[in-house]
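Please look over the sequence and the structure below before reading on. The report that follows takes a few places in turn and describes what is found at each of them.

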Amino acid sequence: MTSHLPAIVIIVPLLASLIAAGSGWINRKAPFQIAVVALFISFVSSLLLLAQVVGTGVAVEYRMAGWAPPMGIVYVIDHLSALVLVVITLVALINLIGNKKAVEAEFKNKEGAFSSLYVLFTAGLIGMTATGDAFNLYVLLEITSLSGYALIGLGSSRAPLATLNYLFLGTIGATFYLLGVGYLYIATGSLNMADLATIIPTMMDSPMILFAFIICLAGLLVKMAMFPVHGWLPGAYSEASTVSAGLIAPLTTKVTVYILVRICMTVFTPEYTFGHLESTDIMVGLAVCSIVFGSLSALAQKDYRRMFSYIIIAEVGYMVGGFFLGNRLGISGAILHIINDAAMTLALFMAAGIFLWKTGDESRNSLKGLYGKMPFTMAGFTLAALSVVGVPPTCGFFSKWYLISGGIAAGQYLFVGALIFSSLVNAVLFFRIFEIAYFEPFKEHHHTGDENGREQEDDYEGNAHSNPIHNDPHGSSHGHGVLINEAPLSMLLPFIGVCVLLVVLGLYSGSIVTNIIHFAIPAGII
Amino acid sequence: MDMFSFIVAKANYWAYVILMMVGLYALIAKNNLVKKIVGMTIFQTAIILFYVSIGYKKGATIPIIQHGSGHSAGDDGAAHAIQETVTHASAAVQEAAGHASTGVQEAVAQSSAALQEAVAQGSAVLQEVAAQGSAALQEVAAHGSAALHEAATHGSDAVQAVNYINPLPHVLMLTAIVVGVATLGVALALAIKVYKEYGTVEEDEINQQLRNG
């Protein structure tokens, strides 16, 4: 049984997606439950895999249908992919559980389709992380993207247009990657990553390899929304429904960065990427642009979800820049930031989901007085915000610490400057929200202007209005003596869990780096 | 003229690059969303053409073994041919051995008689015997080698890669075509939703509406 874990981790959600799609006709609650169970099984399997890999110190290789590499497709779980697998399955699971009510409200009569797409998206990400075959990666990349387009397209009325733009750019990105794999195949005659890694060092001067590298990289940069090709991200993420955004925003860009690390480090080998090509200066320069641009654009946004989306673009710059520093500190920081940023973005988008649920409004000003009304949610949000800014002991501080020390060690002072600048901008951004939410009085106005808001929400507020004598603190008391009106527990508890996780990740980041990430980086890199 | 032959020799690659650029241009510069979708499809098709042409070889055929159906049947065919030739060859060897032994027996009887009768005649008889025996052995050898040769050509036909095109890129493209169709389907569905929302698929008109409202 345990020898089949690498297959179980992807096959269970893949089959569950099929079953969930049909089960919606029999029982409306079944698809959601199937999705939760499948993701839970996947999560447990990836934890076991991580334990196995850390315990034995050897990568697990799984031959699909018993075909030996390089002919057959192998799934390889090493320290890096096991870690990312745990992150993917955990984020997907928590986000789904935490948004149960939002799913019921937003996807009424579409539960089957939604749960199916949600699990399929996760299965695609798991496959991308686990596969050891360059073409298989493309197929899974497209499975992820297609289910992602559908999930985002189910959002607000503006979502289809934003999704279509995402689809155009996403297809260009994926097709570029496919083209790169084609040239790699012409040059080497292999598609197996481990096999490629043994062939490429023997033909480093080949222009075909160089072209394959550049075009693969270009495709991946489009997919992860790096600076000049980031245009699709803010629209797509801010128009998606909250539960879809909570899944896609933390995972898509992060897993694509993981793929970048995998391609540059495992397939093309560090000697080629850093040594032969000397890619550091160009890529770190691009990352600096991404960080500065993302931060400044975030500053200009009025809607908090758009603001978070631009922060993601800056964070992509952190990770790509950190990786291309090419030293152990920088790469450790980049990998640690994949985990931390997934957790931080999940916390931010879950908070955004709760705000939207309660206020029905996306603008920053709708957050007025929320500290009084929802103290627990806001406490969690504060923690997430401090983590994004990079305040110890939250996890955001530690990955930034590694990235900055890596930048100093590599002499990339522009990158160090951009990181500090971005932290300052994030501080401004979030303290502006704190100010609005803490000092400005709560106003009961959000709903009236929002006719096509969610039904559940109207019910909720309707109850509140039906007892104006006992339960009407909003209009009169202006922040003082406001009755607590928290989000439902099913939303609040997972959210608080994620926020606690941010601190736990921070406290344990030292052992994560020494026990896991240390082994994920080839010994040749110092 | 050199340039011309350079282009003609790699016509398929030029075609893929041109198609890719046409698709990319439509995808980026066109205003109409449906035209963009068409551009996207052309772009994807260009990559499919690229992959198909890297697997192609001039004068080669599809990798299916004739006189058989599929992979294992091909192997069976070759094994069968080899078995057949082995039986051929062994029969020939047996026959030849029979020939030779009768020849030798006859010769021994004859030569002993001849030796007893006349010494002068004996050498002639021996010569005859030797000639008969060697002819029989030669025949055996010729028979056997022809059979073995036939077997060898028959058997190596199944594994001679030069005669076949590379099937892998084509198989990969089957997957890529499926992905392309799925992408096209999602894109068209989204375009319909956009049309229902704004009443148009022209991007500038949609942007106008978004700015006004």
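Which backbone oxygen does the side chain of Ser238(A) reach? In this predicted model, the side chain of Ser238(A) reaches the backbone oxygen of Pro234(A), at 2.6 Å. Ser238(A) belongs to helix H10 of chain A, which covers residues 232-239, and, with a relative accessible area of 1%, Ser238(A) is buried. A second polar contact, of 3.4 Å, joins the side chain of Ser238(A) to that of Arg306(A). When residues up to four places away in sequence are not counted, Ser238(A) touches Arg305(A), Arg306(A), Ser309(A) and Glu362(A).

**Aromatic rings**

Across all chains, the count of aromatic pairs comes to 34. One of them is formed by Phe176(A) and Phe43(B), whose ring centres are 5.9 Å apart and whose planes stand at 65°; an angle over 60 degrees counts as edge-to-face, so this pair is edge-to-face. Because Phe176(A) lies in helix H7 (residues 159-188) of chain A, while Phe43(B) lies in helix H3 (residues 33-55) of chain B, the pair joins two chains. Phe176(A) counts as buried at 15% relative accessibility, and Phe43(B) counts as buried at 0%.

Tyr304(A) and Phe355(A) form another edge-to-face pair, with 5.7 Å from centre to centre and 90° between the planes. Tyr304(A) is in helix H14 (residues 304-324) and Phe355(A) in helix H15 (residues 328-359), both of chain A, so this pair ties together parts that are 51 residues apart in sequence. Both Tyr304(A) and Phe355(A) are buried, and ring pairs link them into a cluster that also includes Phe308(A), Phe349(A) and Tyr371(A). A ring can also have a charge as its partner, for the charged end of Lys100(A) sits over the ring of Phe32(A), 5.7 Å from its centre.

**A helix in chain A and the whole of chain B**

Helix H3 of chain A (residues 79-98) has 20 residues and reaches 29 Å from its first C-alpha to its last, which is close to the 28 Å expected at 1.5 Å a residue. Of the 20 residues of H3(A), 18 are buried, so this helix is largely enclosed by the rest of the structure.

Chain B has seven helices and zero strands. Buried residues make up 30% of its 213 residues, and chain B exposes about 13500 Å², of which carbon and sulfur atoms supply 65%. Among the contacts in chain B between residues at least 6 apart in sequence, 74% join residues at least 24 apart.

**Backbone angles**

Most residues other than glycine have a negative phi, and most peptide bonds are trans. The table lists places in chain A that depart from this pattern.

| Place | Backbone value |
|---|---|
| Pro69(A) to Pro70(A) | cis, omega near 5° |
| Pro392(A) to Pro393(A) | cis, omega near 5° |
| Ala225(A) | positive phi of about 60° |
| Glu278(A) | positive phi of about 50° |

Pro70(A) lies in the loop between strand S1 (60-63) and strand S2 (74-77) of chain A, whereas Pro393(A) lies in the loop between helix H17 (375-389) and helix H18 (395-410) of chain A. Is Ala225(A) buried or exposed? Ala225(A), in the loop between helix H9 (207-223) and H10 of chain A, is buried, with a relative accessible area of 0%. Glu278(A), in the loop between helix H12 (269-276) and helix H13 (280-299) of chain A, counts as exposed at 59% relative accessibility.

How values were computed: Residues numbered from 1 in each chain as written. Chains lettered and ligands numbered in written order. Predicted model: local features only at pLDDT ≥ 70, side-chain atom pairs only at ≥ 80, totals over all residues. Heavy atoms only, no water. Phe/Tyr/Trp six-rings, centres within 6.5 Å; stacked < 30°, edge-to-face > 60°. Helix = DSSP H or I, 4+ residues; strand = E, 2+ residues; numbered from the N terminus. Buried < 20%, exposed > 50% of the residue type's maximum accessible area, 1.4 Å probe, protein only. Lys NZ or Arg CZ within 6 Å of the ring centre and 35° of its normal. Expected span 1.5 Å × (residues − 1). Polar contact = N/O pair within 3.5 Å; in protein donor to acceptor, adjacent residues only side chain to side chain. Contact = heavy atoms within 4.5 Å. Areas by Shrake-Rupley, 256 points an atom, 1.4 Å probe, with all protein chains shown as cover.
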